[in-house]
Amino acid sequence: YEYASDCYVYPYVKKLGKQPCDIPSEHLEVMATFLKEYTGLCNFNYKVRTGAEQGKMAIFEVNTRIGGDLSCDVPRDLARTVFEQIEDLSDSDLGILPQRSPASPSPGLLEAKVRADGKRDG
């Protein structure tokens, strides 16, 4: 996103435009440090500083869900490609361990199945 001011104060800032860009490898390395041992989709909200700290990241939040950027702002064909690639991953690609057998539950561990409609079984 590009804004009309160096100082972003919502709602007193005007958005000039948005366009996809390549993420510098230095930024990806910083993001990777937040995601050690994390598996899943996430969304970093950050700005690239100007002035004396030109090019440095200012991270506001990391959402471990689909955020508005991906669901609303990314071009539909690109978002579709992302979701198709996620759908094609197997459980082992994602580091998901096999489910425990109901005959041998862990002591004190509540294991519930989640149905496709999001309601819990068990």
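**Burial, contacts and the largest pocket in a predicted model**

His-27 is buried, with a relative accessible area of 7%, and this residue has its place in helix α1. The structure described here is a predicted model. When neighbours within four places in sequence are left aside, the contacts of His-27 are with Tyr-46, Val-48, Gly-55 and Met-57. Of these partners, Tyr-46 and Val-48 fall within the span of strand β3 (43-48) and Met-57 within that of β4 (57-63), while helix α1 itself covers residues 25-34.

The chain comprises 3 helices and 6 strands, and from the N terminus on these elements follow the order β-β-α-β-β-α-α-β-β. Of its 122 residues, 12% count as buried. With respect to contacts between residues at least 6 apart in sequence, 24% join residues that are at least 24 apart.

Two asparagines of strand β3 illustrate how this strand is placed with respect to residues further along the chain. Asn-43 is found in β3 and is buried, its relative accessible area being 13%. Apart from neighbours within four places in sequence, Asn-43 is in contact with Glu-61, Val-62, Asn-63, Arg-65, Gly-67 and Asp-69. For the pair Asn-43 and Glu-61, which lie 18 residues apart along the chain, the C-alpha atoms are separated by 8.2 Å. Asn-45, also found in strand β3, has a relative accessible area of 19%, and because the limit for a buried residue is under 20%, Asn-45 is classed as buried. The side chains of Asn-45 and Glu-61 are joined by a polar contact of 2.7 Å. Residues up to four places away in sequence not being counted, Asn-45 touches Ala-58, Ile-59, Phe-60, Glu-61, Asn-63 and Asp-69. Glu-61 is thus in contact with Asn-43 and with Asn-45, and Asn-63 and Asp-69 likewise appear among the contacts of Asn-43 and of Asn-45.

Strand β3 also contributes to the largest pocket, which holds about 1800 Å³ of space. This pocket is lined by 43 residues, and those lying nearest its centre are Tyr-1, Cys-21, Ile-23, Phe-44 and Tyr-46. At least two lining residues are supplied by each of β1 (2-3), α1 (25-34), β3 (43-48), β4 (57-63), α2 (68-73) and α3 (76-88), and the largest share, 6 residues, comes from β3. By residue class, the lining divides into 25 nonpolar, 9 polar and 9 charged residues. Tyr-46, one of the residues nearest the centre of the pocket, is also one of the contacts of the buried His-27.

Tyr-1, another of the residues nearest the pocket centre, is touched by Asp-73, as are Lys-18 and Gly-68, when residues up to four places away in sequence are not counted. Asp-73 has its place in helix α2 and is partly exposed, with a relative accessible area of 28%. The C-alpha atoms of Asp-73 and Gln-19 are separated by 9.6 Å, although these residues stand 54 residues apart along the chain.

As to charged pairs, side chains of opposite charge can pair when their charged atoms come close. A search of the whole structure finds 1 salt bridge. This salt bridge is formed by Glu-53 with Arg-49, and their closest N and O atoms are 3.2 Å apart. Glu-53 is partly exposed, with a relative accessible area of 37%, and Arg-49 is likewise partly exposed, with a value of 37%.

Two features of backbone geometry are found in loops. A cis peptide bond, with omega at about 5°, joins Tyr-10 and Pro-11, and Pro-11 is found in the loop between β1 and β2 (15-17). Glu-37, although not a glycine, has a positive phi of about 65°, and this residue is found in the loop between α1 and β3. At 86% relative accessibility, Glu-37 counts as exposed, in contrast to His-27, which is buried at 7%.

Key
Residues are numbered from 1 along each chain as its sequence is written. This is a predicted model: local features need pLDDT of at least 70, side-chain atom pairs count only at pLDDT 80 or more; totals for chains, interfaces and linings use all residues. Side-chain values use heavy atoms; hydrogens and water are left out. On a 1 Å grid over the protein atoms alone, a cavity is a set of points where a 1.4 Å probe fits but cannot get out, and a pocket is an open set with protein on both sides within 12 Å along at least five of seven lines; lining residues have an atom within 4 Å of a point. Grid points are joined across faces, edges and corners, and a volume is the space filled by probe spheres set on the points. Helices (H or I, at least four residues) and strands (E, at least two) are DSSP runs, numbered from the N terminus. Ala, Val, Leu, Ile, Met, Phe, Trp, Tyr, Cys and Pro count as nonpolar, Asp, Glu, Lys and Arg as charged, and the others, Gly among them, as polar. A salt bridge is a side-chain nitrogen of Lys or Arg within 4 Å of a carboxyl oxygen of Asp or Glu. Buried means under 20% relative accessible area, exposed over 50%, partly exposed in between (1.4 Å probe, protein chains only). A polar contact is a pair of N or O atoms within 3.5 Å; within protein, one must be able to donate a hydrogen and the other to accept it, and residues adjacent in sequence count only if both atoms are side-chain atoms. Contact means heavy atoms within 4.5 Å.
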